[in-house]
Amino acid sequence: MSARPGAATGRIAAPGGTAVRQAALGQGRAVARDRAVWPGDGYPLGASYDGAGTNFALFSEVAERVELCLFGDDGAQTRVPLREVDGFIWHGYLPGVGPGQRYGYRVHGPYDPAAGHRCNPAKLLLDPYAKAIEGSVRQDSAVYGYPFGHPDERNDADSARSMPRSVVVNPYFDWRLDRPPRRPYHETVIYEAHVRGLTRLHPGIPKELRGTYQGLAHPAVVGYLRQLGITAVELMPVHQFVSDDTLAGRGRANYWGYNTIGFFAPHNAYCASGSRGEQVPEFKAMVRALHEAGIEVILDVVYNHTAEGSHLGPTLSFRGIDNAAYYRLVDGDPRFYLDTTGTGNSLQVRHPHVLQMIMDSLRYWVIEMHVDGFRFDLAASLARQFHEVDRLSAFFDLVQQDPVVSQVKLIAEPWDLGEGGYQVGNFPPLWTEWNGKYRDTARDFWRGQPATLGEFASRLTGSSDLYAGDTRRPVASINFVACHDGFTMHDLVSYDHKHNEANGEDNRDGSDDNRSWNCGAEGLARRPAVVALRERQKRNLLATLFLSQGVPMLLAGDEMGRTQQGNNNAYCQDNEISWVRWQTAAVAAGGPAGRASPAAQARNRELLTFVRMLIQFRAEHPVFRRRRFFQGKAIRGVRQQLGDIAWFSPAGTEMADADWEREPAKSLTVFLNGDAISELDRRGEPIRDDSFLLMFNASELDLDFTLPAPHYGVLWTRVLDTAAPATSARDLTIVKAGDLITVASRSLQVLRRG
């Protein structure tokens, strides 16, 4: 009997039972296979090693037959039919199979696109529950389930040589005394970062570790984050993802990683120690190191779609296992996918086995990988039971009652591309949200847009208009001015327009609504006045971020002036456009200077010092991180007769309704009463803090602000001035009620009472 190239024909010894002689047809040729296989169990799904062997379990409702494919070190393939089926779970136990074993599946069943079925045993499939994946997809015609140009026909070319392999992993890891930091939201400062981008250029990390989990766990990075005051890193996707052939054809790659193919597997390209399961302990060691520094790990997760794309995409896993179960198909024509994500497909979250996979994945990352929370990409897609966004959909019900997942940080990106997909403020009480309205309002206010004053006040105080109605607190708002998607903070004040030419899409990609202002010159500026204004605008935006109620999120590198040269959609730029340039941090630590000019290095060092000061200032003063919304009046049971907040015009009079509506309204004073904090500390004691005046001037003119009446405070000391950051921390000038204070154009000052 002839064997197909690479197939195993000899008997494979397997301890613990009698080998069963099996035969199956593949590609029209009979291949002999021997393997000891026991019935095993239908749960847990995936490959589960128990010290003596491995249990394999795969869900497919449509399958007629399932083959487990084992791969030897020489690439030889052995097929093992899984004969046991319980509740659509195909399973078997293989004694002697252990960690490092590479495997995949072939699913025999209907190939009928018109009915929504795309089974094709010629395609090697990744295990949806694989804990590790070796290799990457080689983009050739074999990985597609159809011949090019004929999407409804079946392509019988074998894809094994072009496919990565699922890998059995050893679940044991010495966590030592690891404990989750469990930092409360109101004490949290989030740092959005990319594993590779954050570490690729760091001069203090050994070259072989840069761009990896080990690099992120290196003391040079952990120490920097701790010194900066970061309490949580929010990592852009680390689930195994795929870079599509369109990008490869342009010489680019999927850098961001929002193209998942393995919801349980750490992305193997970020592993320094190997990809045959080594990525799992390396990831765990990274989490352990960050926990030891008191830093939580939040994962940006993509459960709304997969890397298989539209009906013209490759067959890598879910499509070939059970297409109609895993994906939302178009009613009346299931050849096509209902796409609310802009990626070609959407997972069918209402299907019980898809829901189970998502929840199993979330629990796995919490229980086994010790992560502390999740940020859900395009979370509105997960809320779509049928067509509309339903905040009480099955997914959110399951999260609410889950004893594991409900106890970690849950952050929604509260929009998708479907109808009614912008859902800021509409997620259930357990959830926090990326507050896109905060981002837009802060940008508009500081670039001088009219009629934003009232909304700016709401965003500054925690967005009660969005969150107070359903009993949520200010911490429901994840505040940010810049994130991975869009301009960096530096580019936000340096470009009026996107400059995405490097992406190879003729600058058509990326948003045109950036709410940015270049301060008088597009891109690189040489005029000192423009450079100085940009630095002040960055300080204004950053100070606003850390003085606002809610949870601040800082984009990695914004604290040191990182630029992407105007690219606002650097998803495919795995290079210095996206990577954090560490010359600023290196110079501050006495290391190599990098390529930045001495003047730019000095500005960036000053900005880094300013951000550290802001984070420390926020940590020291609970009045800026309240757990309840302001009431605006004297609070019963609190000694202080003043309200917890008050608003004043630059003239020092309390704001009337007309003051909020006047044109242009670009300046105001805010009084925060540290003696009127209504919540109690962990021991039930009242929380007391200093009282502050925040004076905002977003106009193009210097303005004189009159300090409020004496009962708000007799004496005040300036503690922050974005127009003079180098001297404000040392400014001990004392002013008194009724005095005039000049606030420079486009700047803010903070005064402390007493």
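A polar contact is a pair of N or O atoms within 3.5 Å; within protein, one atom must be able to donate a hydrogen and the other to accept it. In this predicted model, the side chain of T488 meets that distance limit, lying 3.2 Å from the backbone nitrogen of D491. T488 sits in the loop between β22 and α12 (489-492). The residue is buried, with a relative accessible area of 0%.

Strand β22 (residues 477-479), which precedes this loop, pairs with strand β23. The two strands run parallel and are joined by two bridges. Within this pairing, N479 stands opposite P552 in β23. Strand β23 also pairs with strand β14 (residues 190-193). That pairing is likewise parallel and extends over three bridges. Here I190 stands opposite M553 in β23.

Strand β23 spans residues 551-555. Five of its five residues are buried, so the strand is largely enclosed by the rest of the structure. Burial applies to both faces. V551, M553 and L555 lie on one side, and P552 and L554 on the other. The residues named in the two pairings, M553 and P552, thus belong to opposite faces of the strand.

Helix α9 (436-446) is mostly covered as well, with 10 of its 11 residues buried. The buried set includes G436, Y438, R439, D440 and T441. It continues with A442, R443, D444, F445 and W446. The N-terminal end of α9 is capped by N435. A side-chain oxygen of N435 lies 3.1 Å from the backbone nitrogen of K437. Beyond the helix comes G448, whose phi is positive, near 85 degrees.

Helix α9 also contributes to the lining of the largest pocket. This pocket holds about 1400 Å³ of space. Of the 46 residues that line it, W256, T341, G342, D485 and N569 are the closest to its centre. Both α4 (245-249) and α9 supply at least two residues of the lining. By class, the lining of the largest pocket has 15 nonpolar, 19 polar and 12 charged residues.

Enclosed space was examined next. The structure holds six cavities of 30 Å³ or more. The largest contains about 140 Å³ of space. Its lining comprises 16 residues. Nearest the centre of this cavity are H194, M236, Y255, R562 and S578. Strand β14, the parallel partner of β23, supplies at least two residues of the lining, as does α1 (195-199). Nine of the lining residues are nonpolar, five are polar and two are charged.

The second largest cavity contains about 70 Å³ of space. Its lining consists of R443, W446, R447, L492, V493, R515, S516, W517, Q537 and L541. Helices α9 and α13 (528-547) each supply at least two of these residues. R443 and W446 are also among the buried residues of α9. The lining of this cavity divides into five nonpolar, two polar and three charged residues. Helix α9 therefore takes part in the lining of both the second largest cavity and the largest pocket.

The cysteines were considered last among the local features. A disulfide is a covalent bond between the sulfur atoms of two cysteines. With a cut-off of 2.5 Å between sulfur atoms, the count comes to zero disulfides. For C69, the nearest cysteine sulfur is that of C119, 14 Å away. C69 counts as buried, at 0% relative accessibility. For C572, the nearest cysteine sulfur belongs to C483, at 16 Å. C572 is buried too, with a relative accessible area of 3%.

Helix α15 (residues 598-620) contains F617. At 12% relative accessibility, F617 falls under the 20% limit and counts as buried. F617 and L216 are 401 residues apart along the chain. Their C-alpha atoms are separated by 26 Å.

Notes:
Residues are numbered from 1 along each chain as its sequence is written. This is a predicted model: local features need pLDDT of at least 70, side-chain atom pairs count only at pLDDT 80 or more; totals for chains, interfaces and linings use all residues. Side-chain values use heavy atoms; hydrogens and water are left out. Buried means under 20% relative accessible area, exposed over 50%, partly exposed in between (1.4 Å probe, protein chains only). Helices (H or I, at least four residues) and strands (E, at least two) are DSSP runs, numbered from the N terminus. Two strands pair if DSSP finds at least two bridges between them. On a 1 Å grid over the protein atoms alone, a cavity is a set of points where a 1.4 Å probe fits but cannot get out, and a pocket is an open set with protein on both sides within 12 Å along at least five of seven lines; lining residues have an atom within 4 Å of a point. Grid points are joined across faces, edges and corners, and a volume is the space filled by probe spheres set on the points. Ala, Val, Leu, Ile, Met, Phe, Trp, Tyr, Cys and Pro count as nonpolar, Asp, Glu, Lys and Arg as charged, and the others, Gly among them, as polar.
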